[in-house]
Amino acid sequence: MFGKKKRPSGSGEKTYQKDTEKPVLRCSICTGEQVAGFQNIKTGVFQEIRLIRNEKELDAFKEEYGITGEIEKIY
């Protein structure tokens with residue numbers, strides 16, 4: 001009832017709601033910290049997934065969710 005929302009399993013690739021969410025990097029102007037996650041297109045609510053410290057971690061995030069191309073940065 002109060003547990004975490006379960007993600008579909010099976011193929012190993014995690015998914016997100018492509019029709020209602022878009023992948024983004026939330027970046028701090030002061031510290032340069034980057035957090036990868038998904039932003040709801042209608043409400044603008046950001047859901048944090050993973051801290052990104054280097055290009056290797058960003059590539060792993062993109063591969064894990066099947067994201068191709070560039071990810072939009074929000075500040």
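The exercises below work through the fold, the core, a pocket and several individual residues of a predicted model.

**Exercise 1. Describe the order of the secondary structure elements and the extent of burial in the chain.**

Begin with the inventory, which consists of one helix and four strands. Next, place these elements in order from the N terminus, which gives the pattern β-β-β-α-β. Then turn to burial: of the 75 residues of the chain, 31% count as buried. Finally, consider the contacts between residues at least 6 apart in sequence, of which 35% join residues at least 24 apart.

**Exercise 2. Determine which residues make up the largest nonpolar core, and which element supplies the largest share of this core.**

The first step is to list the members, which number eleven in all: Tyr16, Leu25, Cys27, Ala36, Phe38, Ile52, Leu58, Phe61, Tyr65, Ile67 and Ile71. The second step is to assign them to elements, whereby strand 1 (21–27), strand 2 (34–40) and helix 1 are each found to supply at least two residues. The largest share, three residues, comes from helix 1. As a third step, take one member, Ile67, and examine its surroundings: leaving aside residues up to four places away in sequence, Ile67 touches Tyr16, Pro23, Phe38, Phe61 and Lys62. Of these partners, Tyr16, Phe38 and Phe61 are themselves listed in the core.

**Exercise 3. Classify Cys27 and Cys30 as buried or exposed, and state how many disulfides a search of the whole structure finds.**

Take Cys27 first: its relative accessibility is 8%, and because buried means under 20%, this residue counts as buried. Cys30, by contrast, has a relative accessibility of 76%, and because exposed means over 50%, this residue counts as exposed. The search for disulfides, carried out over the whole structure, finds zero.

**Exercise 4. Characterise the second largest pocket by its volume, its lining and the character of the lining residues.**

Start with the volume, which is about 160 Å³. The lining is then read off as Leu25, Gln34, Ile52, Arg53, Asn54, Glu55, Leu58, Asp59, Lys62, Glu70, Ile71 and Lys73. Sorting these residues by character yields four nonpolar, two polar and six charged. In terms of elements, helix 1 (residues 55–65) gives the most to the lining, with four residues. A comparison with the core is also instructive, since Leu25, Ile52, Leu58 and Ile71 occur in the lining and are also members of the largest nonpolar core.

**Exercise 5. Locate Ile41, Lys42 and Gln17 in the chain, and identify a residue that is distant in sequence for which a C-alpha separation can be given in each case.**

Ile41 lies in the loop between strand 2 and strand 3. Its C-alpha atom is separated by 5.4 Å from that of Glu21, although the two residues are 20 residues apart along the chain. With residues up to four places away in sequence left out, Ile41 touches Asp19, Thr20, Glu21 and Lys22.

Lys42 is also placed in the loop between strand 2 and strand 3 (46–52), and its relative accessible area of 79% makes this residue exposed. The C-alpha atoms of Lys42 and Thr20 are separated by 7.2 Å, with their positions 22 residues apart along the chain taken as the sequence distance.

Gln17 belongs to the segment before strand 1 and, at 49% relative accessibility, counts as partly exposed. From C-alpha to C-alpha, Gln17 and Phe38 are 9.1 Å apart in space, while in sequence they are 21 residues apart.

Conventions
Residues numbered from 1 in each chain as written. Predicted model: local features only at pLDDT ≥ 70, side-chain atom pairs only at ≥ 80, totals over all residues. Heavy atoms only, no water. 1 Å grid on protein atoms, 1.4 Å probe; cavity = no way out; pocket = protein on both sides within 12 Å on 5 of 7 lines; lining within 4 Å. Points joined across faces, edges and corners; volume = space filled by probe spheres on them. Nonpolar A, V, L, I, M, F, W, Y, C, P; charged D, E, K, R; others polar. Core = buried A, V, L, I, M, F, W, Y, C linked by side-chain atoms within 4.5 Å. Buried < 20%, exposed > 50% of the residue type's maximum accessible area, 1.4 Å probe, protein only. Contact = heavy atoms within 4.5 Å. Disulfide = S-S within 2.5 Å.
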